[in-house]
Amino acid sequence: MGLWLSVMTMYIARESSKLWRKIYMETSVELQLLMEKWKLLLAGLIFQYIHGLSARGVHYLHRPGPTLQDLGFMLLPELGKERGYLSESLFTFIFLSFVVWTFHPFVYHSKRFYTVLLWRRVLAFLVACQTLRIITFYSTQLPGPNYHCREGSKLARLPPPDTIAEVLLINFPRGVLFGCGDLIFSSHMIFTLVFVLTYHKYGSRRFIKFIAWVIAIIQSLLIVASRKHYTVDVVVAWYTVNLVVFFIDKKLPEMPERSSAQPLLPLTAKEKDGKSREENHKLLNGNSADAADRRQRLQMNGKHGEDANHNHSESLANGA
């Protein structure tokens, strides 16, 4: 028994040492990337606040009124105030699951992407979609369908702010959970679809990809059933986010796929330029091919030389 415990202790200590060494190495790599890309990441994070501030601002313009006729409201029974938490709970699960997955290269051996580069891409998608969303919900304010946005609710209208700080602080998180007027199109679906599309491209489990799309559909139905949005808000999100991600993904440089054969850090533009110049220099000097290619060329050149000598001998013979 004592020997078994000793062996198990040594095994656990060795595996723990490997894990911490891997985490240290991954952290070092990601920190170097962060030092290079921090401006873009910071800009994306700042825009998240701007998006929240814009949603808070449109609440001051919101005017409650009769709920608009909606096909989704006809088909899906309202969850009500008591069960409205279901959509928020599912969204929280989606958000946390995605965040945890983006950091899994720190622990697991699969290294299909760099976390910093992945989040830079995700934030680019979010910023583009949220910019379109801000333009849309400020263009036309619809009466909110949620219970706290209807006529008679104290939260349906916001009194004019007393100070600028009251606006800038956006009453987080209550101001986010009980906002009104920021309808077209759904912010929850922006995050959900961006996360699902990102995992669909960079994830490795087909079954999880399928489950992710099913969860996105369930999230859409719960948003309509909880009356947080009209059906049009969810439908517009589905095609807008997919199109935005498709076009921006084409414009952004493709992320280097990590493998054991590649360097730990992706090459910078300067390094790539230096590598290209080195290859061109080798090509001009005839040193770009490997030994097998050179042997093949020598053999072919030798054969051509023999053929040329043979033809020359035949011409001399004929001339004689």
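Among contacts in the chain between residues at least 6 apart in sequence, what percentage join residues at least 24 apart? The figure is 86%, and it is worth keeping in mind while you click through this predicted model.

**Stop 1: the whole chain**

Start with a cartoon view. The chain has twelve helices and zero strands, so to speak an α-α-α run repeated from the N terminus on until the twelve elements are used up. If you colour by accessibility, 35% of the 320 residues count as buried.

**Stop 2: helix 10**

Select residues 231-251, which form helix 10. Put a distance between its end C-alpha atoms and you should get 31 Å. At 1.5 Å a residue, the 21 residues should span 30 Å, so the two values agree.

Now show the side chains that are buried in helix 10: Asp-233, Val-234, Val-236, Ala-237, Thr-240, Val-241, Val-244, Val-245 and Asp-249. Why might buried positions along a helix recur three or four places apart? An α-helix has 3.6 residues a turn, so residues with that spacing point the same way. To see what lies over the buried residues of helix 10, add helix 5 (115-139), helix 8 (187-202) and helix 9 (206-225), which are among the elements that cover them.

Keep Asp-249 on screen and add Arg-121 and Lys-201: these three residues are linked in a network of salt bridges. Asp-249 is also one of the buried residues of helix 10.

**Stop 3: Arg-133 in helix 5**

Next, move to Arg-133, which is found in helix 5. Is Arg-133 buried or exposed? Its relative accessibility is 1%, under the 20% limit, so Arg-133 counts as buried.

Select the neighbours of Arg-133. Leaving aside residues up to four places away in sequence, Arg-133 touches His-51, Asp-182, Leu-183, Ile-184, Phe-185, Ser-186, Ser-187, Ile-190 and His-229. With one of these, Asp-182, the side chain of Arg-133 meets in a salt bridge, 3.1 Å from N to O. That pair links distant parts of the chain: Arg-133 sits in helix 5 and Asp-182 in the loop between helix 7 (174-177) and helix 8, 49 residues apart. Both partners are buried.

**Stop 4: two other salt bridges**

How many salt bridges are there in the model? The count comes to six. For another that links distant parts of the chain, select Glu-78 and Arg-150, whose side chains meet at 2.8 Å, N to O. Glu-78 is in the loop between helix 2 (71-75) and helix 3 (80-83), while Arg-150 is in the loop between helix 5 and helix 6 (164-168), 72 residues apart. Glu-78 has 33% relative accessibility and counts as partly exposed. Arg-150, at 25%, is partly exposed too.

Then jump to Glu-36 and Lys-37, which form a salt bridge with their closest N and O atoms 3.5 Å apart. Here Glu-36 is partly exposed, with a relative accessible area of 45%, whereas Lys-37 counts as buried at 18%.

**Stop 5: the aromatic rings**

Show Phe, Tyr and Trp as sticks. The model holds 15 aromatic pairs. Zoom in on Phe-191 and Phe-195: their ring centres are 6.0 Å apart and their planes stand at 70 degrees, which is over the 60 degrees needed, so the pair is edge-to-face. Both residues lie in helix 8, four residues apart, about one turn of the helix. Phe-191 is buried at 14% relative accessibility, and Phe-195 is buried with a relative accessible area of 3%.

Widen the selection to see the cluster that ring pairs build: Phe-91, Phe-95, Phe-98, Trp-101, Phe-113, Trp-119, Phe-191, Phe-195 and Tyr-199.

**Stop 6: the second largest pocket**

Leave the cluster displayed and turn on the pocket surface. What is the volume of the second largest pocket? The value is about 600 Å³. Of the 22 residues that line this pocket, Ser-97, Phe-98, Trp-101, Tyr-199 and Ile-208 are the closest to its centre. Phe-98, Trp-101 and Tyr-199 also belong to the ring cluster from the previous stop.

Which helix gives the largest share of the lining of the second largest pocket? That is helix 4, with six residues. To finish, colour helix 4 (85-102), helix 8 and helix 9, since each supplies at least two residues of the lining.

Terms used: Residues are numbered from 1 along each chain as its sequence is written. This is a predicted model: local features need pLDDT of at least 70, side-chain atom pairs count only at pLDDT 80 or more; totals for chains, interfaces and linings use all residues. Side-chain values use heavy atoms; hydrogens and water are left out. The expected span of a helix is 1.5 Å times one less than its number of residues. Buried means under 20% relative accessible area, exposed over 50%, partly exposed in between (1.4 Å probe, protein chains only). Contact means heavy atoms within 4.5 Å. Rings of Phe, Tyr and Trp (its six-membered ring) pair if their centres lie within 6.5 Å; planes under 30 degrees apart count as stacked, over 60 as edge-to-face and the rest as tilted. A salt bridge is a side-chain nitrogen of Lys or Arg within 4 Å of a carboxyl oxygen of Asp or Glu. On a 1 Å grid over the protein atoms alone, a cavity is a set of points where a 1.4 Å probe fits but cannot get out, and a pocket is an open set with protein on both sides within 12 Å along at least five of seven lines; lining residues have an atom within 4 Å of a point. Grid points are joined across faces, edges and corners, and a volume is the space filled by probe spheres set on the points.
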